[in-house]
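Trainee: Could you take me through the place where the two chains meet, and the nonpolar core around there?

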Amino acid sequence: MADNPQRPLAHPRPLSPHMTIYRWPVTMMTSITHRFTGVGLAVGAVILAWWLVSISNGPEGWQSFHAVSDTPLGLLVLFGLTWSLIYHFLNGVRHLAWDLGYGFDKRLAERNSVMIFALSIIAALAVFAAAWTGHGGYLR
Amino acid sequence: MSTAQTPLRKVRGLGSSHSGTGHFWHERVTAVALIPLSLWFAYVMLGLVGTSEVTALQFLAHPWNALLMGAFVCFTLWHTYLGLQVVVDDYIHTAGMKIFLLFVIRFSVLATGATCLFAIVRIAAL
């Protein structure tokens, strides 16, 4: 009788070394960061729901949200979400370009990977700098 | 050549996944929709920094803004659902755990979306 292919092997077959042994190219970093920021933004969507509910609850609701978001930890989370959204946006546009068949050249992909990391950090810092220097709040 | 597939099945071309390229395509459609919507969202968030709940209420109560926020929430959560599903597909290899997590993700996304939309409607009605 043939062995059940689903049965775990008594002696697992050796695996080819992969993640742990190769030097990580920057494109591997951008790939896993895209996923990481995506999962982070899923949590951000829950925070967005909380924010919207807090507004719908009037002044007390607004204050209850800001009591948490205005703390150092709250600001750190907001900064993380800001950077995540910018990163996922920029790298997402690059993914759409790949889907259309553009940008598969290795050197080019490496170069714009570094650019996406740099740009996303600069843009996130710029958003926070704008907020802190009073350039936000223009919808008042 | 004989085949077990009915002509209808063959013409639909959905393959062994039973959903064809639907998942991939919906992920792209929502991504494209989210390009302008995220830019609008970022503009709004920075525009409301340091203001009061009155400003936020008045802004979101405007029909166009309520509509855009509703669209942003819907496309974001749809895209989130598709993305999280891929993460589970990639890393979870036992059927029971996979089904459980997909249930949790689907319910969470639906609950978050319903909460957002209810809040947006409530703000508009205030």
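Mentor: Let's start with the core. The largest nonpolar core (buried Ala, Val, Leu, Ile, Met, Phe, Trp, Tyr and Cys residues joined through side-chain atoms within 4.5 Å, buried being under 20% relative accessible area with a 1.4 Å probe, protein chains only) has 35 residues. Those with the most contacts inside it are Trp51(A), Leu52(A), Ile55(A), Leu60(B) and Met69(B). Helices H1 (26–56) and H2 (58–69) of chain A and H2, H3, H4 and H5 of chain B each give two or more residues to this core; helices here are DSSP runs (H or I) of at least four residues, numbered from the N terminus. H4(B) has the largest share, nine residues.

A word on ground rules: this is a predicted model, where local features need pLDDT of at least 70 and side-chain atom pairs count only at pLDDT 80 or more, while totals for chains, interfaces and linings use all residues. Residues are numbered from 1 along each chain as its sequence is written, chains are lettered from A and ligands numbered from 1 in the order written, and side-chain values use heavy atoms, leaving out hydrogens and water.

Now zoom in on Ile55(A): leaving aside residues up to four places away in sequence, Ile55(A) touches Trp62(A), Ala56(B), Leu57(B), Leu60(B) and Ile123(B). Contact means heavy atoms within 4.5 Å, and by that rule 44 residues of chain B meet 31 of chain A. There's a salt bridge too, Arg28(B) with Asp99(A), closest N and O atoms 2.6 Å apart (the rule: a Lys or Arg side-chain nitrogen within 4 Å of an Asp or Glu carboxyl oxygen).

Technical notes
Buried means under 20% relative accessible area, exposed over 50%, partly exposed in between (1.4 Å probe, protein chains only).
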